[in-house]
Amino acid sequence: MKKIFIIAVLCAAQLLSGAVKITINADRKNFLYKAGETVTFTVKAADDGKALAGTKVELTLTEDGLTLLKKETAVLDSEGKAVISGSLNKPGFLRCGAMLVHKNKRSSNLIGAGFDVDKITPAVAKPADFDKFWDEALKKAASANADFKMEKLDKLCTAKSDAYKVSVASPGGRTYGFLRIPKSSAPVPLHVGVPGAGPSVTAPPADGKYNVASLYANVHNYDPLDPAKSSAQAYREISAKGHYMHRSYENLENNQLYNSIIGINTLIDCVARLPEIDSGKLVYSGSSQGGGFGIILAGLVPNRFKAVVSNITALCDLNGYLAGRNSGWPAISAATKMSDLSKKNIVYFDAANFATRIKDTKVTVIMGYADPVCAPSSVYAMYNSLATEKKSLSRVVFMGHQVWGSYLHAVERMLIDICK
């Protein structure tokens, strides 16, 4: 069953920068339109509740943050308001941006209106050999020595659970994670997660209120507990070479995403085989990079997860810029310093293509129309590609790149269900 929820918990998109508040609203509460219809955005600015009448504001309309469609400067009226109208003649998002300078400080905000959102598709079609490529990758991984290691972390164990650092051999060296297992007389469900972008996590999740084991799996191949180098330092060294997701993808079987995907998948396999784990009750949740990996891992091995909750999903529509709109994080564009072959090959790691392999998993996606990092058009390109009928979408219209209660509530519902 497909379900879509529109959550509008604020009266308008807003940004606080000091005491200045900029709000942007559309002439439809749900911010949804058909291609060719016109949306009128109303921008309002105030300083400590006082309208910034007479202040100049720069207004822009773009195709989800990339192609500039309109730019004008307006003067806020006596109520601190200005309007701008526009349209899209194809499925996508029209993003309104507002920027002003007040008391020598710059404040800005953005929000998107969707057009025929159910018809948004990835900018580049799924490769004909996509399924074959990943099925063969899984066979290669299964035939390799996983070299699973599980180190108990006595200082992090509690009266309720035991904590471990876990790792496996992977194409990039080793993949590391952290595991917490409740002290239980029977096998327990496993809740998997991958962190958002940034340094590797350095500890397992804290004890939860449900009788569920938790696995955090890192995307980086350095040991997060290396006594000679902190996780933050190791990440700084990686970042000094440029964005870790903007590396070469010329070799499809030796790159950041391939190594991470295969390594994390192997780690999940090994943990799921532990006698303490009920391998028939695996679930996943994550945000941003973690949200994207949830879709990727669920599609890599269809039906392994009973449920996935993906918030502000990254790694979707990675070639979106070719359609004139922003690509999903890591925001590859024509200006990104990657070879043409790498940009072409990135489609093999697009969550939207993995979504086509998810047949029977319950998938909950939470997104925001004010997200400047994981463009809403990219998330829709993935969501519309999901093959499972058991999918639902929560559109938290005014949410940016954030974790709101809608995600936390969805995760809790998932954990309640898997414990039944």
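Here are some informal notes on this predicted model, point by point.

1. **The biggest pocket.** Let's start with the open space. The largest pocket holds about 700 Å³. A total of 30 residues line this pocket, and those closest to its centre are His191, Pro205, Ala206, Ser214 and Leu415. Find these five in the viewer and you have a good starting point for looking around.

2. **Who builds the pocket wall?** Four strands and a helix each give at least two residues to the lining of the largest pocket: β14 (173–182), β15 (188–193), β16 (213–217), β17 (277–287) and α8 (405–418). Which of them gives the largest share? That is helix α8, with six residues. As for chemistry, the lining has 15 nonpolar residues, ten polar ones and five charged ones.

3. **Cysteines without partners.** For background, a disulfide is a covalent bond between the sulfur atoms of two cysteines. How many disulfides does this structure hold? The count is zero. Take Cys316: the nearest cysteine sulfur belongs to Cys374 and sits 7.2 Å away. A disulfide needs the two sulfurs within 2.5 Å, so Cys316 is in no such pair. Is Cys316 buried or exposed? Its relative accessibility is 0%, so Cys316 counts as buried. Cys419 is partly exposed, because its relative accessible area is 33% and that class runs between 20% and 50%.

4. **An enclosed helix.** Now look at helix α7, residues 376–383. Eight of its eight residues are buried, so the rest of the structure largely encloses this helix. If you want to click through them, they are Pro376, Ser377, Ser378, Val379, Tyr380, Ala381, Met382 and Tyr383.

5. **Ala45 and its neighbours.** Ala45 is in strand β5, which covers residues 38–47. With a relative accessibility of 1%, Ala45 counts as buried. Beyond its sequence neighbours up to four places away, Ala45 touches Lys21, Ile22, Lys50, Ala51, Leu52, Leu76, Gly80 and Leu100. Leu100 is a nice one to trace: 55 residues separate it from Ala45 along the chain, yet their C-alpha atoms are 8.9 Å apart.

6. **Thr55, in a loop.** Thr55 belongs to the loop between β6 (50–51) and β7 (56–63). Is this loop residue buried or exposed? Thr55 has a relative accessible area of 13%, so it is buried, as the cut-off is 20%. Its side chain reaches the backbone oxygen of Leu52 at 3.1 Å. Setting aside residues up to four places away in sequence, Thr55 also touches Ala74, Val75, Leu76, Leu100 and Val101. You met Leu76 and Leu100 in the previous point, among the residues that Ala45 touches.

7. **Val20, another strand residue.** Val20 is placed in strand β3 (residues 20–26). This valine is buried, with a relative accessible area of 6%. What is the C-alpha distance from Val20 to Asp48, 28 residues apart in sequence? It comes to 6.5 Å.

8. **Ser161 and its polar contacts.** Ser161 is in strand β13, residues 161–170. At 2% relative accessibility, this serine counts as buried. Its side chain makes a polar contact with the side chain of Arg180 at 2.8 Å, and another with the side chain of Asp207 at 2.4 Å. Leaving out neighbours within four places in sequence, the contacts of Ser161 are Arg180, Ile181, Pro182, Lys183 and Asp207.

9. **Backbone oddities.** Most residues other than glycine have a negative phi, and most peptide bonds are trans. That makes a few spots here worth a second look. Where is the cis peptide bond with omega near 20 degrees? It runs from Trp329 to Pro330, and Pro330 lies in the loop between β18 (305–311) and α5 (340–345). Asp116 is not a glycine, yet its phi is positive, about 45 degrees; this aspartate lies in the loop between β11 (105–115) and α1 (130–143). Asp147 has a positive phi as well, near 50 degrees. You'll find Asp147 in the loop between α1 and β12 (149–152), where it is partly exposed with a relative accessible area of 30%.

Terms used. Residues are numbered from 1 along each chain as its sequence is written. This is a predicted model: local features need pLDDT of at least 70, side-chain atom pairs count only at pLDDT 80 or more; totals for chains, interfaces and linings use all residues. Side-chain values use heavy atoms; hydrogens and water are left out. Buried means under 20% relative accessible area, exposed over 50%, partly exposed in between (1.4 Å probe, protein chains only). On a 1 Å grid over the protein atoms alone, a cavity is a set of points where a 1.4 Å probe fits but cannot get out, and a pocket is an open set with protein on both sides within 12 Å along at least five of seven lines; lining residues have an atom within 4 Å of a point. Grid points are joined across faces, edges and corners, and a volume is the space filled by probe spheres set on the points. Ala, Val, Leu, Ile, Met, Phe, Trp, Tyr, Cys and Pro count as nonpolar, Asp, Glu, Lys and Arg as charged, and the others, Gly among them, as polar. A polar contact is a pair of N or O atoms within 3.5 Å; within protein, one must be able to donate a hydrogen and the other to accept it, and residues adjacent in sequence count only if both atoms are side-chain atoms. Contact means heavy atoms within 4.5 Å.
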